[in-house]
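Q: I am new to this structure and should like to learn how its features are read. May we take them one at a time, beginning with the packing of helices?

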Amino acid sequence: MLFKLSIKNIRKSIRDYAVYFFTLIVAVAVFYIFNAIETQSVLLKVTSSTREIIRLMSDMLSGISVFISFVLGFLIIYAGRFLMKRRKREFGIYLTLGMGKRKISMILFLETLLIGIISLGVGLLIGVCVSQFMSIVVANMFEADLTEFEFIVSGQSCIKTVCCFGIIYLVVMLFHMVIISRYKLIDLLQAGKKTEKIRLKNPALCTIVFLIASAILGYAYYLVTAKAGQIEAVNGIFLPIFLGVLATFLIFWSLSGLLLKLFMSMKKIYYRGLNSFTLRQISSKINTTVVSMTVICLMLFLTICILSCSVSIRNSLNHNLTEMVPVDLQLQKPMNLKRADSENQYSRKQLASSGLTIGEVCRKAGYDIEAQMEDKIQFYLYEQAHLTLKSTLGKTAHEATEKYPFLQQKTRETIMRLSDYNRVAKLFGQETYTLEENQYLVVADLDAMAKLRSKALKEGRQITVSKTVLKPKYSACKKGFIIMAPQHVNSGIFIVPDAVVADKDIVTDNLVGNYREKNPEKKQQLEEDFLKTLEKAQEDYLLPDGNTKISLYEGAVGLGAMASFIGLYLGMIFLISGAAILALKELSESADNIERYVMLRKLGADEKTINRALFAQIGIFFLFPLLLAAIHSVFGIRFAMYLVEPLIEDKLIVPILVTAGIIAVIYGGYFIITYLCSKNIIKK
């Protein structure tokens with residue numbers, strides 16, 4: 001009997017709370033898909049380094065899944081709370097008919113068990129099917145060979161998903177039992193007659209609180225934008241976060257009384273149609289859900305920031321690769337090391353080889369890398385003790401300290417001969433320059449540092465190199481770089497006439513060029529052989545370090561893939577959770593307010609007017625947290641761009657459009673489903 005009753009209740013609940021079941025199924029599917037990435041990509045034909053990147057990405061996703069489990073657990077328990085509230089009268093009838101609380105708890109146990117089995121089964125089935133397409137996405141990102149691809153089910157991910165959601169459903173069962181044990185019969189029977197009391201807050205107090213909250217929020221925005229450079233440590237970010245959360249809570253607390261009082265004073269609008277009913281309903285909802293609205297707003301804020309930044313990082317990395325990695329190989333080796341300064345870091349044998357060039361030390365180590373290269377260019381970089389960042393910035397040094405307190409201004413500047421730079425620039429496809437005997441120029445591609453240096457150059461800041469006074473040829477930095485990287489990292493190189501530098505100031509030897517070999521697989525093998533040779537000789541020689549096009553491409557693609565998958569994973573879970581909580585709250589409110597809509601019909605309101613009022617209620621209820629989250633995200637994204645400035649370009653139109661599209665589909669979809677289900681509920 002209890003089993004049949006549970007089945008009947010589930011069928012009835014599916015009609016009214018399709019959003020709840022849909023959310024459970026989607027959560028299970030998403031959880032499986034992102035945890036099955038490594039298993040799905042095993043059959044892809046990729047290099048060993050790419051395989052390691054995919055494994056690292058999978059490990060990170062598995063770690064994030066632990067956090068996701070808590071988020072989903074909170075969502076399901078929170079949703080269960082609303083469903084229990086909706087069924088109070090039903091439980092009261094059971095008790096009146098003589099059914100004990102244990103049997104009611106058993107009914108809930110069976111319902112949760114059946115719901116869990118159904119959602120796990122359907123969710124895993126959808127997840128297994130969709131995860132096959134995820135393999136194609138991974139293969140496309142890593143340019144993998146799909147010839148050996150086949151349909152596969154990840155047993156490990158299935159077990160992880162079942163265990164995770166099994167624990168969550170067990171907690172929900174215990175939660176339901178505790179709730180049932182605390183119910184009183186009189187409260188259950190009168191649940192349908194009780195209505196939320198609208199307590200009008202003092203409008204003057206609401207106005208004051210709203211202004212205080214706005215001021216707090218403005219100060220938090222100021223800290224993460226204008227004063228972002230003065231946040232001295234990870235702990236420093238907690239203050240603006242706390243202020244932002246507090247201000248968000250206070251805004252929602254004051255908003256219900258403020259809006260209602262504002263519109264009540266506008267009598268023509270307030271008494272038009274069902275506006276008075278709609279506004280009081282909205283005020284009541286916001287007034288009774290301040291905490292949940294705050295949580296939902298913050299989840300939407302995180303969704304917008306995470307999705308936008310992850311898409312931007314991936315796009316920036318992919319865009320930068322073509323420009324920033326123009327040759328196959330770049331090596332750099334320290335030169336002229338002093339024993340007193342370096343004996344703790346290097347052995348005597350390594351220090352003895354510090355005077356050798358890259359070509360010489362590689363030949364001694366047993367691999368002539370120069371013989372494998374064409375279009376190769378060898379050049380030196382120089383430093384002088386007195387030429388530091390502080391001395392070259394001049395008056396701008398104070399501004400640099402304020403904006404970037406971690407900037408080491410005692411760092412020596414990098415100097416390069418004009419002829420060497422022009423040779424490298426020509427190979428890299430960059431602009432070449434000419435200088436007079438008393439001139440210098442600065443090349444940089446890191447925007448923040450380029451702006452600071454340009455201010456010093458505009459002031460005509462002179463420098464002294466080997467007792468030769470040089471003045472800037474240009475009043476601004478020129479864009480350029482000599483070190484390959486997947487992003488813009490060149491903070492400034494001083495290009496000077498060849499005659500003003502001496503060999504005693506050489507600090508590094510550099511070698512750039514392309515391989516003679518053109519076959520990608522043979523290039524990969526060549527690099528592996530080179531690395532193995534260097535590993536064997538690292539104790540005897542001071543060996544070069546550097547980057548290759550293959551390794552940079554793999555690393556950039558891997559980082560972009562991790563950013564994309566992690567951002568999408570977190571963003572979707574936060575978005576689904578926030579939208580589902582709002583939807584379930586609205587469905588519960590619609591069920592509780594059936595009698596009010598019946599009364600509206602008796603008073604002469606037609607279905608079109610009632611549906612319009614319902615649409616406005618749900619729309620405004622969904623819009624408020626999204627609107628405030630969008631405002632938060634403007635400053636949140638700016639702060640994120642400051643933290644990972646080299647990784648994110650200042651072109652956020654595409655990432656924001658992508659994020660807006662995802663939010664429109666998921667959040668908008670929940671809104672439409674909620675409206676249709678609510679309309680169906682109030683018709684009964």
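A: Certainly. The model is a predicted one. Helix α22 (residues 549-592) packs against helix α25 (residues 653-682) at an angle of about 15 degrees, and their axes are 9 Å apart.

Q: Are α22 and α25 roughly parallel or roughly antiparallel to each other?

A: Angles under 35 degrees count as roughly parallel. The angle between α22 and α25 is about 15 degrees, and therefore these two helices are roughly parallel to each other. The crossing of α22 past α25 is right-handed.

Q: Which residues of α22 and α25 meet?

A: On the α22 side they include Leu568, Met572, Leu575, Ile576 and Ala579. On the α25 side, Ile662, Ile663, Ile666, Tyr667 and Tyr670 are among them.

Q: How is the span of a single helix checked, for example that of α20?

A: The expected span is 1.5 Å times one less than the number of residues. Helix α20 (residues 447-458) has 12 residues and should therefore span 16 Å; its end C-alpha atoms are 16 Å apart, which agrees.

Q: Which residues of α20 are buried?

A: A residue counts as buried under 20% relative accessible area. In α20 the buried residues are Ala448, Met449, Ala450, Leu452, Arg453, Ser454, Ala456 and Leu457. After the helix comes Gly460, with a positive phi near 75 degrees.

Q: What is to be expected of phi in residues other than glycine?

A: In most of them phi is negative. Asp375, however, has a positive phi, near 55 degrees. Asp375 belongs to strand β2 (residues 373-382). Its relative accessibility is 46%, so Asp375 counts as partly exposed.

Q: Where does Ser466 lie, and what is its phi?

A: Ser466 is in the loop between β5 (463-465) and β6 (468-472). Although Ser466 is not a glycine, its phi is positive, at about 50 degrees. With a relative accessibility of 30%, Ser466 also counts as partly exposed.

Q: Let us end with one residue in its surroundings. Is Gln439 buried or exposed?

A: Gln439, in strand β4 (residues 439-443), has a relative accessible area of 13% and is therefore buried. A polar atom of the Gln439 side chain lies 3.0 Å from the backbone nitrogen of Glu436.

Q: Which residues is Gln439 in contact with, leaving aside its neighbours within four places in sequence?

A: Gln439 is in contact with Leu470, Lys471, Lys473 and Pro497, once those neighbours are left aside.

Technical notes:
Residues numbered from 1 in each chain as written. Predicted model: local features only at pLDDT ≥ 70, side-chain atom pairs only at ≥ 80, totals over all residues. Heavy atoms only, no water. Helix = DSSP H or I, 4+ residues; strand = E, 2+ residues; numbered from the N terminus. Buried < 20%, exposed > 50% of the residue type's maximum accessible area, 1.4 Å probe, protein only. Polar contact = N/O pair within 3.5 Å; in protein donor to acceptor, adjacent residues only side chain to side chain. Contact = heavy atoms within 4.5 Å. Axes fitted to C-alpha atoms, helices over the stretch in contact; angles between N-to-C directions. Parallel < 35°, antiparallel > 145°, perpendicular 65-115°, else oblique. Left-handed = near helix turned anticlockwise from the far one by under 90°.
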